[in-house]
Amino acid sequence: MPEPHSQDRTLRALGLAEAPREYPLLYPGAWPRESGLLDGDRLLPLDRLTYEDGADRVPVLAIGSNASPGQLRHKMAEFGIDSPIPMVKARVTGVDIGVSAHVSRMGYVSASPVRAPGVVRELFVLWLDAEQLAVIDASEGVPMAAGNFDRAWLPAPDVRVETADGTVLRGAYAYVNRHGVLHDGTGAPRRHPGEQRPLLTELLHGSAALRALFGVTPEEFCARARGDRLLCARGTRLFVEEKRVTASGLEPYVRSGRTDEPLPQAPPPTAPMP
């Protein structure tokens, strides 16, 4: 068996290269099996799992496609950023993965974090510098008045984030949907199934009005939604009209914030927004 350092660590070889922004039905994209350093087209071994305050990096929970190296590479490449991104697998208590109550112009229905006391999930923490954070903020619509997400600081012990070496972070950022999340029929946030096809199939099956807008198959949904701002906005309003929407439970954290975070550098005005 070859030594780890001699193995092909390219995203293509690891099955992590495809970006949901290019192939919506692949959302949320393939996640790595273990922690790694995203360095251009490669996912390399990590030499550290955490960064101390003042190290010019902040922890950001990756709830959906931000845990996909292919998606991260796609977002960063749009701004010519090629600096490495540490992706650390962590045990997270208090947050689950819900379904965004908006239709993305990328052609999919994305994931959003929801408050879930006692629930434990394995998620990735991205340690982002100021430049990288500004790009992810822009991709989530944080700086835009009509954006879909706010960045919120989730402090311990409300949310417990523990890395493999036993370190418990004092908190982490997450992107909270401004539209809320879809509920499961009982009023509680529904869990994202982790794949786009079964989610879209179920959503379309449950709404004749949604089928009238987006077609009857996941393929039609993605094709019609992709890039059509007005249609996506109409689909987002329909979720509200059909009373499918509830709060994520994380809204109180949105503007609690931190005062010591790095100041994001302003990305170009053509920043993509889902």
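## A tour that starts where α2 meets α3

Select L72, K75 and M76 in helix α2, then add Q132, V135, I136 and S139 in α3: these two groups meet (contact means heavy atoms within 4.5 Å). By class, this α2–α3 contact has four nonpolar, two polar and one charged residues. Nonpolar here covers Ala, Val, Leu, Ile, Met, Phe, Trp, Tyr, Cys and Pro; Asp, Glu, Lys and Arg are charged, and the others, Gly among them, are polar.

A word on what you have open: it is a predicted model, where local features need pLDDT of at least 70 and side-chain atom pairs count only at pLDDT 80 or more, while totals for chains, interfaces and linings use all residues. Residues are numbered from 1 along each chain as its sequence is written, and side-chain values use heavy atoms, with hydrogens and water left out.

**Zoom out**

Show the whole protein as a cartoon and you'll have seven helices and ten strands to look at. They are DSSP runs numbered from the N terminus: helices are H or I with at least four residues, strands E with at least two. Along its principal axes, the C-alpha trace spans about 55 × 40 × 40 Å. The radius of gyration is 18 Å, which agrees with the value near 19 Å for a compact globule of 274 residues. That radius is taken over C-alpha atoms, and the globule rule is 2.2 Å times the number of residues to the power 0.38.

Colour by burial and 50% of the 274 residues count as buried. Buried means under 20% relative accessible area, exposed over 50%, and partly exposed in between (1.4 Å probe, protein chains only). Among contacts between residues at least 6 apart in sequence, 76% join residues at least 24 apart.

**Back to α3**

Go back to the opening pair and look at the angle. The axes of α2 and α3 come within 10 Å and cross at roughly 100 degrees. Axes are lines fitted to C-alpha atoms, for helices over the stretch in contact, with angles from 0 to 180 degrees between N-to-C directions. The two helices are therefore roughly perpendicular; angles of 65 to 115 degrees get that label, under 35 is roughly parallel, over 145 roughly antiparallel, and the rest oblique.

Now select residues 130-139, the whole of α3. Is this helix mostly covered or mostly open? Mostly covered, with nine of its ten residues buried. The buried ones include L133, A134 and D137. Among the elements that cover them are α2 (69-77), β4 (85-99) and β5 (111-128).

Check the ends too. At the N-terminal end, D129 caps the helix, with a side-chain oxygen 3.2 Å from the backbone nitrogen of E131. After α3 comes G141, with a positive phi near 85 degrees.

**On to α4 and α6**

Select 196-205 (α4) and 218-225 (α6). Their axes come within 9 Å and cross at roughly 90 degrees. R197, L200, T201 and L204 in α4 meet P218, E219, F221 and C222 in α6. The residues of this contact divide into five nonpolar, one polar and two charged.

While you're in α4, click E202. Its side chain makes a polar contact of 3.1 Å with the side chain of R190. A polar contact is a pair of N or O atoms within 3.5 Å; within protein, one must be able to donate a hydrogen and the other to accept it, and residues adjacent in sequence count only if both atoms are side-chain atoms. E202 is partly exposed, at 48% relative accessible area.

**The loop after α7**

Next, find the loop between α7 (229-241) and β10 (245-246), where R244 sits. With 14% relative accessibility, R244 counts as buried. Its side chain has a polar contact of 3.1 Å with that of E242. Beyond its neighbours within four places in sequence, R244 touches residues including H183, L203 and F239.

In the loop between α7 and β10 you'll also find K243. K243 counts as exposed, at 68% relative accessibility. Although not a glycine, K243 has a positive phi of about 60 degrees.

**Two cis bonds to finish**

Most peptide bonds are trans. Select Y27 and P28 for a cis one, with omega near 10 degrees; P28 lies in the loop between α1 (11-14) and β1 (36-39). Then jump to A156 and P157, where the bond is cis with omega near 5 degrees. P157 is in the loop between β6 and β7 (160-163).
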